[in-house]
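Biologist: Before we discuss any contacts, could you show me the model and then explain what lies behind the terms you use?

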Protein chains: 2
Amino acid sequence: MNLSNPKRRITIKDVAQAAGVSTQTVSRVMNKFSYVSEETRLRVEAVVEELGYRPSTLARSLIQQRSYTLGIVTYGLKYIGPSRTLNGIADQADKLGYMLVMKELDNLDSSRIEDVIDSLLARQVDGILWAVPEIGDNHAWLDGRLQNISVPVLFIAMHPRPGVSSVATDNYQGAVTATEHLLSIGKRRIGHISGPLSWWEAMERKRGWRETLQKAGLDASEQQCSEGNWSPASGEQAFFQLLEKFPDLDSVFVANDQMALSVLREAHRQGITIPEQLAVIGFDNIPESAHFYPSLTTISQDLQLLGEEAVQSIVQMVQARQNRESIVAESRFIQPTLVIRESTAIQ
Amino acid sequence: MNLSNPKRRITIKDVAQAAGVSTQTVSRVMNKFSYVSEETRLRVEAVVEELGYRPSTLARSLIQQRSYTLGIVTYGLKYIGPSRTLNGIADQADKLGYMLVMKELDNLDSSRIEDVIDSLLARQVDGILWAVPEIGDNHAWLDGRLQNISVPVLFIAMHPRPGVSSVATDNYQGAVTATEHLLSIGKRRIGHISGPLSWWEAMERKRGWRETLQKAGLDASEQQCSEGNWSPASGEQAFFQLLEKFPDLDSVFVANDQMALSVLREAHRQGITIPEQLAVIGFDNIPESAHFYPSLTTISQDLQLLGEEAVQSIVQMVQARQNRESIVAESRFIQPTLVIRESTAIQ
DNA sequence: TGCTATTATGTTATCGATAACATGTTATCG
DNA sequence: CGATAACATGTTATCGATAACATAATAGCA
């Protein structure tokens, strides 16, 4: 492990020379599963250890046309959601022996998409994970473009499209669960504070709320909801609006915990008792939710798992492609779960 | 932009052939700044556009011994702090034309360190950013190992060491500011809830609190502090302990906002008025802090900026090395700032 | 006018590894 | 015992690009 000249890289040639064999033999030792005599193997391994030789992944990728690298395109890393997902991705990629090359979009229009894809392909990534929220038509590009991308692509948190692989939390089902929970504790005038409705995820959550109420024979009009932008500040605004439009509400399903936090706070300020006068349920289950005052009932989505599953899927697709099997596109959902806490705890 | 056979990669040879020139000429067109006639350039550019040719970064990196890629080693992406830093890193790297290869450590012992470094070096990264919190002696490895790493390394949030480059938030100064703020509003019995004291950052924050009190001629004994593990749940525990050990405290500096959140909540529950009976100040300025009840005074650290500065530094080091200039190791601090809110607002 | 500088392009070597092929040696078996 | 399979190793071509060198045409200048 001791190299006299730290500047120059140790290459397979150095090892071959020092061990008195050909480079091919060194390669065979490094990659196992090929005929090498025990004696030679040991000698080469000793030299490898002594020189601290590490094969260049770059060179290997070039000849093998395969990089064991996944390209990740994300957005909004400064928020907790995307980074939880990234955490799952990083974990699982590591387990499966893949490296990650990361690109973060700094806005949500599609101006840089070509660039980003090209730069990932130029790195010979074996597959691409597209972990950018679907907002408006910012995923429209994929219709024309997807089939000319030479590697598999998997989308995270996207509206399922036929012929395109994706993994997402089942936002709709989560919202159904949340709304049913409010019904189950006897609430009937259930409001909703949604995320920005250009977001697919926000729409799904709202749809879950609406359809559940309708199925229960209750009203679910626009009077009963208002829209925030996920931030605590916007939650405050949205709550004020909602109180005005729908003054006699007895509960509210808030599309994320951060906005729900503001609702708890403002309700408290105005002397509204929770959960008796107003039951509140959020979505996401951020770590702080358990420590709000009162603690917040919420729908827990496992973003870590989402990331892990995404990597597993894309790696399967990569391997299928390597074996010239055809890839069957698949859209999968991860089910979120209900976590009951004080903000809906009615005895 | 229309390729007949989407399977095979378009290489420089395809372009050369289609344009009726040598590969070298294509290379010259792609890289500008070399003699190519206007006519040839246009013809080649047209072919490039038509075939959708993109040079292989891999091949280029191999011959140039330079990858325009930075290796990032992180820990705890599921927490908001590390991902904010990563966000800054990704931003700035993109601006400077670098890609990121990411490795996340899944624990803090040093078992996988050699592996991680090796795998990054095998990718020919031009430099490494080590963004793992310093805990106990988990940075001890660098003493022996650093000089045999063939590329520059920069450490984020590490105790400054001579001869090693690093960037960190000035936790000490932040704590001083926080404590002075409590003094300035007339508090004299100031407690502290620290992070886990194996963490360098936690130690620095505690030191800032202690030394500021001592300088003001006040006591700062172990009776006046307790220790959490950054989580809201641990903040609750630590607060109970503190109340027992130091019942007549009039204010508390909590080492992060998540724990401070629990303090606010428990104080509220016990009917302790904030800030009159107990002033509370946190550290980090997470987005929710402004919306706690009451809103939380805190020390804001700009992790985005920290990430950006780190990238700038490492890129400078990379370039210096490329030009065979010597690299001067440097330790820099980013100053955090005080954000005053209701939890210390005494008229 | 002839020599050097500038412009334009092609040829060959190279980065560090593996694939494909070739060759020689040793075991195995009818 | 000779043919064939299994083992062991080396040689050459290759991945996709650029570096280094070579060549040729044109221009500028003493």
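**Contacts with the DNA and the nonpolar cores**

Modeller: A backbone N or O atom of A:Ser56 lies 2.6 Å from a phosphate oxygen of DNA strand C. This is a predicted model, in which local features need pLDDT of at least 70 and side-chain atom pairs count only at pLDDT 80 or more, while totals for chains, interfaces and linings use all residues. Residues are numbered from 1 along each chain as its sequence is written, chains are lettered from A and ligands numbered from 1 in the order in which they are written, and side-chain values use heavy atoms, with hydrogens and water left out.

Biologist: Why is the pair formed by A:Ser56 and a phosphate oxygen of DNA strand C called a polar contact?

Modeller: A polar contact is a pair of N or O atoms within 3.5 Å, so the 2.6 Å pair of A:Ser56 qualifies. A polar side-chain atom of A:Asn31 lies 2.9 Å from a phosphate oxygen of that strand, and for A:Ala59 a backbone N or O atom lies 3.3 Å from a base nitrogen.

Biologist: Which residues come nearest to DNA strand C?

Modeller: Of the 27 residues around DNA strand C (a heavy atom within 4 Å), the nearest are A:Ile12, A:Gln24, A:Ser27, A:Ser56 and B:Thr40. Sugar and phosphate account for 62% of the strand's atoms that come within 4 Å of the protein.

Biologist: What makes a set of residues a nonpolar core?

Modeller: Its members are buried Ala, Val, Leu, Ile, Met, Phe, Trp, Tyr and Cys residues joined through side-chain atoms within 4.5 Å, where buried means under 20% relative accessible area (1.4 Å probe, protein chains only). The largest such core has 53 residues, with A:Ile193 and B:Ile193 among those having the most contacts inside it.

How values were computed. Polar contact = N/O pair within 3.5 Å; in protein donor to acceptor, adjacent residues only side chain to side chain. Buried < 20%, exposed > 50% of the residue type's maximum accessible area, 1.4 Å probe, protein only.
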